[in-house]
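Subject: Structure for your files

Hello,

Here is the structure I said I would pass on. Please look it over before reading my notes underneath.

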Amino acid sequence: TITFTNPDGQTTTLPITIGSPLPIELMTFAAHAVEKGCELEWVTATEINNDFFTLERSQDGKSFEEIGKVKGAGNSTYALSYMYVDNSPYTGVSYYRLKQTDYDGRNETFPPVAVKYMKSNANSLEVSLLKNPFSSDLNISINSEERGLVEVKLFDLEGKQVYRSIDKLSENNLVNV
């Protein structure tokens with residue numbers, strides 16, 4: 001309480017309510033696509049009674065599922081860095097959010113961040129044949145982020161190999177046969 005006395009001698013007492021401090025002060029939260037998944041990184045400036053962090057993932061930014069937990073530092077007055085890797089992210093755009101939980105079970109959920117992850121798996125290529133009826137050429141379109149040499153083999157309906165070549169994949173993802 002604070003007590004004031006005015007010039008007339010009248011005393012007034014006022015209660016002061018101090019809210020509980022925030023459990024953590026979050027400086028950054030970011031998601032990055034890496035070769036084998038999505039890397040989530042965050043930094044706290046301070047922590048008070050911080051038990052753990054929960055990482056959540058969503059495809060639509062509305063319905064989230066828990067993907068992991070990371071132990072908090074408890075109490076800290078200096079910056080701490082954390083990291084978690086989602087090894088099985090959704091393909092395309094995903095939303096990740098961070099939830100912090102105190103020792104007493106109270107929690108705070110922070111706004112989501114978006115990241116685009118594209119699998120680079122050599123076993124899952126999209127291949128299209130493009131034939132121009134006015135030419136004897138056949139173009140093969142290969143949807144891949146990889147650049148370099150590709151081996152092309154063509155077989156007839158009986159399974160006999162009728163064509164084979166090793167060519168460089170062009171900038172527009174085409175191989176001319």
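Below is what I found, starting with the whole chain and then going residue by residue.

Please keep in mind that this is a predicted model.

The chain as a whole

The chain has 14 strands and 0 helices, so read from the N terminus its order of elements is simply β repeated: β-β-β-β-β-β-β-β-β-β-β-β-β-β. Of its 177 residues, 31% count as buried. The exposed area of the chain comes to about 12000 Å², with 51% of that supplied by carbon and sulfur atoms. Among contacts with a separation of 6 or more, 49% are between residues 24 or more positions apart.

Asp-102 and Asn-49

Asp-102 belongs to strand 7, which covers residues 92-102. Asp-102 is buried, yet it has no salt bridge. The nearest side chain of opposite charge is that of Arg-106, at 4.5 Å; a salt bridge is counted only within 4 Å, so this pair does not qualify. Leaving out residues up to four places away in sequence, Asp-102 touches Pro-23, Ile-48, Asn-49, Asn-50 and Asp-51.

One of those contacts, Asn-49, lies in strand 4 (residues 37-58). Its phi is near 55 degrees, a positive value in a residue that is not glycine. Asn-49 has a relative accessible area of 37% and is therefore partly exposed, whereas Asp-102 is buried.

Ser-63

Where does Ser-63 sit? Ser-63 is in the loop that runs between strand 4 and strand 5 (65-76). Its relative accessibility is 53%, so Ser-63 counts as exposed. Apart from neighbours within four places in sequence, Ser-63 is in contact with Arg-57 and Ser-58. The C-alpha atoms of Ser-63 and Tyr-95 are 9.7 Å apart, with these positions 32 residues apart along the chain.

A nonpolar surface patch

Which residues form the nonpolar patch on the surface? They are Val-34, Met-83 and Val-85, and together they have about 210 Å² of accessible area. Of these, Met-83 is found in strand 6, residues 80-86. Met-83 has a relative accessibility of 47%, which means that this residue counts as partly exposed.

If you want to check these points on screen, Asp-102 with its neighbour Arg-106 at 4.5 Å and the patch of Val-34, Met-83 and Val-85 are the places I would open.

Regards

Methods
Residues are numbered from 1 along each chain as its sequence is written. This is a predicted model: local features need pLDDT of at least 70, side-chain atom pairs count only at pLDDT 80 or more; totals for chains, interfaces and linings use all residues. Side-chain values use heavy atoms; hydrogens and water are left out. Helices (H or I, at least four residues) and strands (E, at least two) are DSSP runs, numbered from the N terminus. Buried means under 20% relative accessible area, exposed over 50%, partly exposed in between (1.4 Å probe, protein chains only). Contact means heavy atoms within 4.5 Å. Accessible areas come from the Shrake-Rupley method with a 1.4 Å probe; for residues, only the protein chains shown count as cover. Lys and Arg count as positive and Asp and Glu as negative; His and the chain ends are not counted. Patches are made of residues with over 30% relative accessible area and no salt bridge: like charges are joined within 9 Å, nonpolar side chains (Val, Leu, Ile, Met, Phe, Trp, Tyr) within 5 Å.
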